[in-house]
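Grab a pencil and open the viewer. Below is a set of short exercises, each followed by a worked solution.

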Amino acid sequence: MARLIRTEKEVEGRYTEQWIVVDEDVLEQWPAGPLETVGRPVPRADGGQRARGEARYTADIKLPGMLHAAILRSPHAKARVRRIDTGRARRAPGVRAVLGPETGPLTDEPPYEGAPVAAVAAETSEQARTAVSLIEVEWERLEPLLDPEEAVRRNELIDEPNREERGEVERGLAESDAVVEAEYRTQTVLHNSMETHQAICEWDGDDRLTVYISTQFIWGVREEVAKRFGLPEDHVRVVCRFMGGGFGSKNGPGDYTYVAAELARATGRPVKCALTRREENLDSGNRNSTIQRLRVGARSDGTLTFLDGEFVNATGWDGWLASTGGPMRLLYACENVRTVEYGAKLNTPPMAAFRAPGFVEGTFGLECLLDELAAKLEIDPLELRRRNHSTHDAVDERPFSSKQLLECYRRAEPHWERRDEVRARSDATWKRGVGLASQVWYGGGGPPSYAWVRIGGDGRAAVITGMQDIGTGSATAMAQIAAEELGLPVDRIEVALGDSARGPYATISAGSSTIPSMGPAVRAAAADAARQLIEIAAQRYDREERVLSLKNGQIVSSDGGSWPLEEITGLLESGQILGKGSRGPNPTGMRVLTFGVQVAEVAVDVETGEVVVEKIVAIHDVGRVINPLGASSQVEGGIIQGLGHTLSEERLLDPSTGGNLTQTLDAYKIPTIADVPEIVTDLVDVPDEHLTNLGSKGLGEPPIIPTAAAIANAIRDATGADVRSLPITREEMLRALREASRQPAREEVGA
Amino acid sequence: MEVFTPRSLAEALRLKAEQPSAVPIEGGTDVMVELNFDRARPEALLNLNEVAELRGWSRDNGLLRLGASLTYTEAMAAPLSEQLPALAEASRTVGSPQIRNRGTLGGNLGTASPAGDALPPLLVEAAEVELSSVRGVRTLALEDFLVGPKRNALEADELITAVLVQPSGARQTFMKVGPRNAMVIAVCSLAVSVDQERCELRAAYGSAGPVTGLVTAPLDEVDSFPERVAEAASPIDDVRGSARYRRHALRVLAERGLQRCLT
Ligand SMILES: Cc1cc2nc3c(=O)[nH]c(=O)nc-3n(C[C@H](O)[C@H](O)[C@H](O)COP(=O)(O)OP(=O)(O)OC[C@H]3O[C@@H](n4cnc5c(N)ncnc54)[C@H](O)[C@@H]3O)c2cc1C
């Protein structure tokens, strides 16, 4: 019987209550450790297709009669259209439709550089772009607000400031033997997904719309597009079969989808709207810059007495207040914690979620602050973290569903102990050191998410669900889970996904939630199909159900005898066995979080300021690991992206005009393979016994969180300099070294 | 846009004389960027890829003749790399393998960017540029060829046909500072040589002034040379780095370069 219950849902740290329907019988978790398929390395099911260029991304789709859209974007950070003339654009070769600022989401009062003002559909994208260049606009330029601190002073905020306090900071301050206070800054960084944001919209009559889109959430796109055009949701079909990266920037439809839909409606033809790399780096979201004024106090034994943080987020024109103070509130046991977060509303492009939004920034500040405290107290930084380990969530006094952070620390020890050896390899020019940083994040996923499993006469199985694989390998993980439950080799499982018309509702692929949300639903669906197989096998082979199990493609009886699965499914000819499953609730009254620690080894050229990261060891607790191979790829990707944020990436705005100076990949420097250090991945792999039928949490975000702080702390270990501002360019490094040499020499850390 | 593909140097020079606005293209790693970014819309391209006379390198009585179509990959290979080690080092820092396979010396000279990585090692080796037209052939010292930021001494009907170098045999090196390890335009770069025979210190900097600049000093002025290099440069602030940092880095690179060449 279906049961209706009320449960709590968390997305990126924000909790809401909701109703869900759950299945009656709950599956026991599998035993810990590698099983037949789950927990073993499995190459990507679609790896070959991707490598050979056969995978069809949204960027590859060409529908018959398809037109191409191009968007005129504001060249000014704040302006008003005095007069616009689209006449020449309309008459340009190949042009089929032109939309002016009167059509939403286009605007005649662009509030940031890159905001969409007008759009053209033409036979080719070159024609569309040429026509856009023929649109004549007379601009009235207005004074933009670009300084986040100024915005906070003027109370120009995206939302109410978020103030949270537990205990009393003043009391903690009075009890402190040592206090450290510092200001940290993080820069604006850009997602730079390989596939730029794009969508193709095709109307079928005037009340049915198909959207092919590069997205992290086909159901979210379906809901928002249906709402915008006043359509029943089932009249909107959203397709995303292969996806070239999103990192949080593709959680919704975006202006380009609406532009494509409007132009498709105006022309009666399918329209593709694909951002160029420059547009991508102007207006597809960013990780906003932050200014963090932090204070920490401790007793001489290292016990934290208080934590206090003021966080200014340069949110931009739109977006939301990322929880930059989250790590300060969650990572350590500390009675007195106060955080206030501001989101400055500026004439700059809106932020978007970006791989652990807020926590990447906040962890840089907090974990550097902690190392500065360790130095002051002359306590080993790892030991300081151990002494302040939290056994429960102090924000709302809940137990953790599982927490293996101490085990992560234990595994970090041998890497941490290399400190002396690494430092000893320093010479007059190159200083070497080791640093570490801890990490906390969400990643428990939640309901609803559904899956179907279909078994055919040939004894092969298909997992059918409306989820998307955003390039993380989650489809392969689903195949492993179904294979485990059905006792089939993984190559006999097909995963059909990425189409809202061909499968049930599935989770957003954000907040590290795909595996923890979808995996349990897939297992439940496979178990439902397995149950039916056992039941019919019992009848066919005259055995009791309890002696039968599925293994290696066979139905196996514990009292002797085994039969190939296709022997029984073959009886059905074209008949099929259908299983269905859903994601159950998260454990009531518990806090589900992911944890980890990274240890970085660096070398700093103290003459040129060059920083070379030589090695990063990543130790994370994400519950049960489904595919260690896919998991290590996620860790490597997170660390490389984190490395870029730490050393070379920065969106630069012209301080007087607000114009983006780093729109191309020539100007905006993401790491190349030559910059990638040795990366060692070590996942604790202990199932969370309270979380779902799998015990798996998400891993997409955790690995990027501690990287910057671990590197900065290693730099301090190597040179004695405090780097408090990202990116650590050569100039920033030299500045920090100059500053350090002006201060009295500090005692050796942990000596 | 028209594309001319001459099969010989004579044909190329004739086409260039008839169509002086035609833009030469070798590897296209600069030209195509200009076109794609819509910074240039030439009426015609003069494709030099089929002109055999521009390819490869040769030696005549010790004088090296590097064809305008010589790629970085070719410059990195022995035995040429042994003759011009700093050029080989610089070539290894250029772009990616794809860019090094396509990009040419002729193109680097044609672009004449102050960040061109082939230029400092060639300046240190006192290279000359051979320019040809239907009117004849002339050679210019590289210093005189580079007349300004992205400006060179080519006449409208001329093509770069070769770079001529008498290898000095001096110890030499090339160093480049960039915000990451590959695919970077230099924040600044420096080629250094110590010519014991001629008793001369030579250094040429890139990305630290409107043109790649040469600094020389007598051999016994080693101590003051780094400062001299830093002072000779006239860097600016831009997205890649500040003038102050560039000057500082040049001083460090000069010290290191001298150290390498003197030990
Ligand atoms: C991704 C990337 C990375 C790069 N990295 C570097 C780098 O690290 N260092 C660096 O120095 N450069 C770099 N470049 C720039 C470029 O590769 C070099 O300048 C290269 O030497 C250009 O050679 P080419 O043969 O491709 O020139 P082309 O693009 O074919 O031509 C360049 C210019 O020279 C002119 N020209 C070419 N041949 C002749 C001739 N025979 N006579 C007269 N004029 C001629 C052309 O008209 C044009 O103006 C990079 C470019 C890219 C796209």
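**Exercise 1. Work out whether helix α5 (residues 85-92) of chain B is enclosed or open, keeping in mind that the model is predicted.**

Step one: go through the helix residue by residue and count C-beta neighbours; 20 or more others within 10 Å makes a residue buried. Step two: list the ones that pass, which are B:Ala86, B:Leu87, B:Ala88, B:Glu89, B:Ala90 and B:Ser91. Step three: compare with the length of the helix. Six of its eight residues are buried, so α5(B) is largely enclosed by the rest of the structure. Step four: ask what does the enclosing. The buried residues pack against the helices α3, α4, α6 and α8 (119-124) of chain B, along with the strands β11 (171-177) and β12 of that chain.

**Exercise 2. Describe how α10 and α11 of chain B pack.**

Start with the general recipe: a helix pair is described by the angle between the two axes and the distance between them. Now fill it in. Helix α10 (residues 225-232) and helix α11 (residues 243-262), both of chain B, have axes that come within 8 Å and cross at roughly 145 degrees. The handedness of this crossing of α10(B) and α11(B) is right-handed. Next, pick out who touches whom: α10(B) brings B:Phe225, B:Pro226, B:Glu227, B:Val229 and B:Ala230, while α11(B) brings B:Arg247, B:Leu250, B:Arg251, B:Ala254, B:Glu255 and B:Leu258. Last, sort the contact residues by class: seven are nonpolar, four are charged and none is polar.

**Exercise 3. Place B:Asp237 and say whether this residue is buried or exposed.**

First, find the spot: B:Asp237 is in the loop between α10 and α11 of chain B. Second, count neighbours. There are 11 other C-beta atoms within 10 Å, so B:Asp237 is exposed. Third, look for contacts beyond four places in sequence; B:Asp237 touches B:Ser242 and B:Ala243. Finally, check a longer span: B:Val252 is 15 residues away in sequence, and its C-alpha sits 19 Å from that of B:Asp237.

**Exercise 4. Characterise the shell around the ligand.**

Begin with the head count: 30 residues surround the ligand, and the closest are B:Glu26, B:Gly27, B:Gly95, B:Gly107 and B:Gly110. Then ask which elements give at least two residues each; these are β2 (23-25), α2 (31-36), α6 (97-102), α7 (105-111) and β10 (159-165) of chain B. The largest share, five residues, belongs to α7(B). To finish, split the shell by class, giving 14 nonpolar, 12 polar and four charged residues.

**Exercise 5. Find the residues that touch the most other members of the largest nonpolar core.**

Some background helps: nonpolar side chains in soluble globular proteins tend to be buried together. Here the largest core has 205 residues, and those touching the most other members are A:Ala69, A:Ala119, A:Val120, A:Ala260, A:Leu263, A:Ala482 and A:Ile715. The top contributor to this core is helix α15 (residues 514-541) of chain A, with 12 residues. Zoom in on A:Ala482: beyond four places in sequence, its contacts are A:Val453, A:Ala461, A:Val463, A:Ile493, A:Val522 and A:Ala526. A second, separate core has 74 residues, among them B:Val165, B:Val215, B:Tyr245 and B:Leu250.

**Exercise 6. Track down some backbone oddities in the loops.**

Take omega to begin with. The peptide bond from A:Pro447 to A:Pro448 is cis, with omega near -5 degrees, and A:Pro448 is in the loop between β19 (430-441) and β20 (450-455) of chain A. Over in chain B, B:Ala78 and B:Pro79 are joined by a cis peptide bond with omega about 5 degrees; B:Pro79 is in the loop between α3 (72-75) and α4 (80-83).

Now turn to phi. A:Asn192 has a positive phi, near 50 degrees, despite not being glycine, and lies in the loop between β9 (178-186) and β10 (198-204) of chain A. B:Cys199 also has a positive phi, near 55 degrees, in the loop between β12 (188-195) and β13 (200-206) of chain B.

How exposed are these two? A:Asn192 counts as partly exposed because it has 19 C-beta neighbours inside 10 Å, whereas B:Cys199 has 10 and so counts as exposed.

Definitions and conventions
Residues numbered from 1 in each chain as written. Chains lettered and ligands numbered in written order. Predicted model: local features only at pLDDT ≥ 70, side-chain atom pairs only at ≥ 80, totals over all residues. Axes fitted to C-alpha atoms, helices over the stretch in contact; angles between N-to-C directions. Helix = DSSP H or I, 4+ residues; strand = E, 2+ residues; numbered from the N terminus. Left-handed = near helix turned anticlockwise from the far one by under 90°. Contact = placed C-beta atoms within 7 Å. Nonpolar A, V, L, I, M, F, W, Y, C, P; charged D, E, K, R; others polar. Near = placed C-beta within 6 Å. Core = buried A, V, L, I, M, F, W, Y, C linked by C-beta atoms within 7 Å. Buried ≥ 20, exposed ≤ 12 C-beta atoms within 10 Å, placed from the backbone.
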